[in-house]
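Here's an informal walk through one fold, helix and sheet included. Have the model open while you read.

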Amino acid sequence: MTTPAPGQTTDALSPVRAGLLRAAHADAEAVLTHAEREAAALLDQARAEARAILDEARRQGEADGSDAARDLLVRARRNARSRTLAARREAYQELRREAAERVRALRGTDGYAGLRAWLGQRARVLLGPAAEVGEHADGGVVARAPGRRVDLSLTALADRALDRMGGEVRSLWEP
């Protein structure tokens, strides 16, 4: 066997080398194309998942917002109801104070002596003729009999009158 000259070896392998190089480039091109397709598919899938996550987050946010709005509305209604009831209670207490003040003012009128006598008689009717009848500090009378007591003070009478009015009193502060 003879050894080829250095220039000849290269020339004889050149077509093989060129074929291998073309095949390697073709394989690399195919791998690159396949990788680009896979990358594009993964990106499309990631975008779709991101849209789905955003859509779900938006739906959840809307639901949470709706729940929060409902809770806020419930709290606002409770607060309004509480304030309304407090205002009514205050108005009713003011009415009671005003009524008590006005009936106590009866003590300074000319007719008070007759009213007090009538209240004393009424106490004796309720408790019997032996009832012990005395003047109340706010006006009117308080009577006692063994085991029983009757409060016919002017403030107690005013309170009872308001209590008997019941729901009618509400008309004073309702539209």
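Let's start at a helix end: just after α2, Gly128 takes a positive phi of about 105°. Before going on, some ground rules: this is a predicted model, where local features need pLDDT of at least 70, side-chain atom pairs count only at pLDDT 80 or more, and totals for chains, interfaces and linings use all residues. Residues are numbered from 1 along each chain as its sequence is written, and side-chain values use heavy atoms, with hydrogens and water left out.

Now α2 itself. Helices (H or I, at least four residues) and strands (E, at least two) are DSSP runs, numbered from the N terminus. The 16 residues of α2 should span 22 Å at 1.5 Å a residue, and its end C-alpha atoms are 22 Å apart, which agrees; the expected span is 1.5 Å times one less than the number of residues.

Which residues of α2 are buried (under 20% relative accessible area with a 1.4 Å probe, protein chains only; exposed is over 50%, partly exposed in between)? They are Tyr112, Leu119, Gly120, Ala123 and Leu127. Seen down the axis of α2, these fall within an arc of 100°, so they line one face of the helix; the arc is taken from the directions from the helix axis to the C-beta atoms. The face turned away from that buried side carries the exposed Gln121 and Val125.

On to the sheet. It is open, with 3 strands in the order β1-β2-β3 and antiparallel pairing, where pairing needs at least two DSSP bridges between two strands. β1 and β3 are the edge strands, each pairing on one side only. β1 and β2 pair over 4 bridges, and Glu132 stands opposite Arg144 in β2.

Here's how the helices sit on the strands, with contact meaning heavy atoms within 4.5 Å. Axes are lines fitted to C-alpha atoms, for helices over the stretch in contact, and angles run from 0 to 180 degrees between N-to-C directions.

| Helix | Strands touched | Angle |
|---|---|---|
| α2 | β1, β2 and β3 | about 20° with β2 |
| α3 | β2 and β3 | about 85° to β3 |

Finally, the largest nonpolar core (buried Ala, Val, Leu, Ile, Met, Phe, Trp, Tyr and Cys joined through side-chain atoms within 4.5 Å) has 13 residues, of which Leu119, Leu127, Leu152 and Leu154 touch the most other members. The largest share, 4 residues, comes from α2. Leaving aside neighbours within four places in sequence, Leu119 is in contact with Gly140, Val141, Leu152, Leu154 and Leu157.
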